[in-house]
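Me: Pick one part of this model and take a close look at it for me. Keep it chatty, but give me the cut-offs.

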Amino acid sequence: MMLQWIDSHCHLDAPEFSVDRADVFKRAQDVGVKWCVMPAVQAKDFESLQRLAKLFHQPYALGIHPLYVPHAQAEDLLALESCIQAALAVNQAGELSDPRLVAVGEIGLDFFVPALCEPSMREKQMFFYQAQLKLAQKYHLPVILHVRKSADQLLSGLRRCAVRGGIAHAFNGSEQQAQQFINLGFALGFGGAMTFERALQLRHLASTLPLAAIVLETDAPDMPPHWLYRTHSQRQAEGLSQGRNEPCELPQIAAVLAQLRGDSVASVATATLRNTQRVLPRLSLNPTVSPYVC
Ligand SMILES: [Zn+2]
């Protein structure tokens with residue numbers, strides 16, 4: 001039987017997929033990637049993301065991504081809250097209006113991009129991060145975190161405003177930081193970056209963390225695994241952009257994880273499905289979305 005996978009972080013609504021989105025989704029389904037958790041990046045995409053989630057029967061998250069904070073406004077937080085309220089509403093028959101909403105995300109802090117490190121932008125990022133944590137807390141939702149040179153600041157935000165865990169996506173911090181996220185109820189997302197042989201620290205983490213702490217992700221269309229990655233000189237010479245990542249790459253990324261850990265691919269599939277469901281409990285609300293029955 002074909003193994004079943006969940007891509008815990010995939011921007012299937014991104015413009016990079018506008019020409020062939022249905023084919024991309026089908027390619028993923030064909031290799032056993034049955035579920036893609038689709039996080040939002042900005043308020044103006046919420047509605048189209050919700051439509052896509054409904055069309056493909058896929059889980060999604062709503063939030064304002066730190067890279068989109070420069071253009072975000074306070075009203076976007078109101079839009080976020082009203083979308084969350086509408087999705088969580090229960091009708092008179094006791095049915096959930098939208099069981100596909102599983103988290104607040106993608107939210108977080110990015111202290112890698114120089115323009116986002118300016119003092120005023122650091123402050124604006126902190127404001128949006130904290131406000132969105134508060135919404136996650138208020139509505140008992142987990143969060144999907146963007147962590148780039150910001151693990152300590154994200155952790156202190158979580159200590160000030162406790163939420164019901166979630167995923168530290170594309171984690172690339174230290175063992176101590178990993179442990180602190182785990183202690184706060186988080187799983188760590190591993191994807192394409194782990195497939196590069198030079199990613200020694202990341203590979204060490206991926207092979208030594210308890211399997212129960214790991215979820216898999218592609219972050220498609222970004223973060224291509226090494227077999228899709230084009231170097232700067234290749235891009236220059238061939239006039240091409242960076243290779244587009246797709247959710248159908250997940251089983252191959254998982255095979256790298258299994259090899260690094262000395263685990264079987266099947267045990268990685270089972271564990272990462274179960275882990276994703278543990279940290280995103282609303283996945284189990286909708287049978288068409290539920291990947292794993294405990
Ligand atoms: Zn992302």
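Reply: Let's start with Asp219, which counts as buried because its relative accessibility is 7%; buried means under 20% relative accessible area, exposed over 50% and partly exposed in between, with a 1.4 Å probe and protein chains only. Bear in mind that this is a predicted model, where local features need pLDDT of at least 70 and side-chain atom pairs count only at pLDDT 80 or more, while totals for chains, interfaces and linings use all residues. Residues are numbered from 1 along each chain as its sequence is written, and side-chain values use heavy atoms, leaving out hydrogens and water.

Asp219 helps hold a zinc ion: its OD coordinates the metal along with His9 (NE2), His11 (NE2) and Glu106 (OE), at 2.1 to 2.7 Å. Donors here are N, O and S atoms within 2.8 Å of the metal (3.2 Å for Na, K and Ca), and with water not among the atoms, sites may look incomplete. Glu106 is buried too, at 1% relative accessible area.

As for geometry, the 4 donor atoms subtend angles of 82 to 170 degrees, so the arrangement is irregular. Tetrahedral would need all four-donor angles between 85 and 135 degrees; square planar (four) or octahedral (six) needs opposite donors over 155 degrees apart and all others between 65 and 115; anything else is irregular.

Along the chain, the donor spacing reads H-x1-H-x94-E-x112-D. Glu106 and Asp219 link distant parts, 113 residues apart: Glu106 is in strand E5 (residues 101-110), Asp219 in the loop between strand E9 (214-216) and helix H8 (232-238). Those elements are DSSP runs numbered from the N terminus, helices (H or I) of at least four residues and strands (E) of at least two.
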